[in-house]
Amino acid sequence: MGSLPKTPYSPSSHHLSMMQQVFVENDYTNFLIHSYMISFNGFATMLTNHQKEKISQMEGVVSESDVVIGVLDTSVWPESDSFKDEGFGPVPKNWKGSCAGGKNFTCNKKIIGARYYIEDTAIDLDGHGSHTTSTAAGNYVHRASFFGLAKGTARGGVPFARIAAYKVCTELGCDSSAILSAFDDAIADGVSINSISIGSSYQYFFEEDPIAIGSFHAMAGGILAVNSAGNSGPFPAFVSSVSPWMLSVATSTIDRRFIDKVVLGNEKIL
């Protein structure tokens, strides 16, 4: 719920009064987990989806769906199930961006912004941007699978976050001037955080790295940039994202294997 008011204020009483408005039971106090009232204002509680929706609409609540992730990549494929806007309310009032995706690109309450600086459309014609964006903020996709394997529900890290797509790359690579233009626009548009899963295979000097330069100015405006550590390695000094004002993220493989039979042309099965 943001910062604590400077005027005389009882956080715990306020939190309980909000819960009282969404609970039918008289013992609603039993569902309160914790009130945060020392350094910031907020509370944790057990809620149904319906109760969560009611509380998110109350004055003073900073809803998760007001977070806007600005993704600099090959943009997104709007028709993907990961980017459907079911369950989303109106676009946040503090959003200053626009849907300038060009031909055949349509925004919704999930994808609330789109811009392109390379090619003639914001539509993702490569697939990388749709992959990284859905990893960060993809909505829930039920009955997902990999050709029938690993069936389940797919979702991004923050499924109720909004998305602003900035197309700075194609299958041929990324453009430095486009990256800086996207940062320039994203800061003005009012994104909450930038996600950049692109970069070089080696380290640049800060003054020569468009991601380092753009993220520095974003951080000066209070906007964190999350950047992939690099796609090379695993060897010493192969991390390419080393700017101290960015959050560099690395990943690894998982201990999971998909085993299936392979039928050859001669009908021999391996």
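**Group meeting: cores, helix faces and a pocket**

Hi everyone, let me start in the middle of the protein: the largest nonpolar core has 21 residues, and Leu 72, Tyr 166, Val 168 and Val 191 touch the most other members. By nonpolar core I mean a set of buried Ala, Val, Leu, Ile, Met, Phe, Trp, Tyr and Cys residues joined through side-chain atoms within 4.5 Å. Buried is under 20% relative accessible area, exposed is over 50%, and partly exposed is in between, with a 1.4 Å probe and protein chains only.

A word on the model before going on. It is a predicted one, where local features need pLDDT of at least 70 and side-chain atom pairs count only at pLDDT 80 or more, while totals for chains, interfaces and linings use all residues. Residues are numbered from 1 along each chain as its sequence is written, and side-chain values use heavy atoms, with hydrogens and water left out.

Back to that core. At least two of its residues come from each of β3 (68-73), β8 (162-167), α4 (176-189) and α5 (210-220). The top contributor is α4, which gives 5 residues. Helices here are DSSP runs of H or I with at least four residues, strands are runs of E with at least two, and both are numbered from the N terminus.

Which residues is Tyr 166 in contact with, leaving aside its neighbours within four places in sequence? They are Gly 70, Val 71, Leu 72, Asp 73, Trp 95, Arg 115, Tyr 117, Ala 182, Asp 185, Ala 186, Asp 189 and Val 191. Contact means heavy atoms within 4.5 Å. Apart from the largest core lies another, of 14 residues, including Val 71, Val 76, Phe 105 and Ala 136. As a general point, nonpolar side chains tend to be buried together in soluble globular proteins.

Zooming out for a moment: the protein chain has 5 helices and 13 strands. Of its 270 residues, 36% are buried. Its C-alpha atoms fill a box of roughly 70 × 55 × 45 Å along the principal axes. Among contacts between residues at least 6 apart in sequence, 62% join residues at least 24 apart.

Now for two helices, starting with α1 (11-20). Its buried residues are Pro 11, His 15, Met 18 and Met 19. Seen down the axis of α1, they fall within an arc of 100°, so they line one face of the helix; the arc is that of the directions from the helix axis to the C-beta atoms. Among what covers them are β1 (32-36), β2 and α2.

In helix α2 (residues 49-56), the buried residues are Gln 51, Ile 55 and Ser 56. Here the arc is 135° down the axis of α2, so these residues also line one face of their helix. They pack against α1 and β2 (42-45), while Asn 49 and His 50 are exposed on the other side of α2.

Next, the largest pocket, which holds about 970 Å³ of space. On a 1 Å grid over the protein atoms alone, a pocket is an open set of points where a 1.4 Å probe fits, with protein on both sides within 12 Å along at least five of seven lines; lining residues have an atom within 4 Å of a point. Grid points are joined across faces, edges and corners, and the volume is the space filled by probe spheres set on the points.

The pocket is lined by 41 residues, with Ser 228, Ala 229, Gly 230, Asn 231 and Val 249 lying nearest its centre. Helix α3 (128-137) is one of the elements that supply at least two lining residues, and α3 gives the most, with 5. By class, the lining has 18 nonpolar, 20 polar and 3 charged residues. In that count, Ala, Val, Leu, Ile, Met, Phe, Trp, Tyr, Cys and Pro are nonpolar, Asp, Glu, Lys and Arg are charged, and the others, Gly among them, are polar.

One of those central residues, Ala 229, is touched by Val 239, which sits in the loop between β12 and β13. Val 239 is partly exposed, at 41% relative accessible area. Its C-alpha atom is separated by 7.8 Å from that of Ser 201, 38 residues apart along the chain. In the loop between β12 and β13 (247-249) we also find Ser 243, which is buried at 4% and touches Phe 206 and Ala 212.

Finally, backbone angles. Most residues other than glycine have a negative phi. Glu 119, though not a glycine, has a positive phi of about 65°, and Arg 143 has one of about 60°. Glu 119 is in the loop between β5 (111-116) and α3 and is partly exposed at 38%. Arg 143 is in strand β6 (residues 141-146) and is exposed at 78%. Thanks, everyone!
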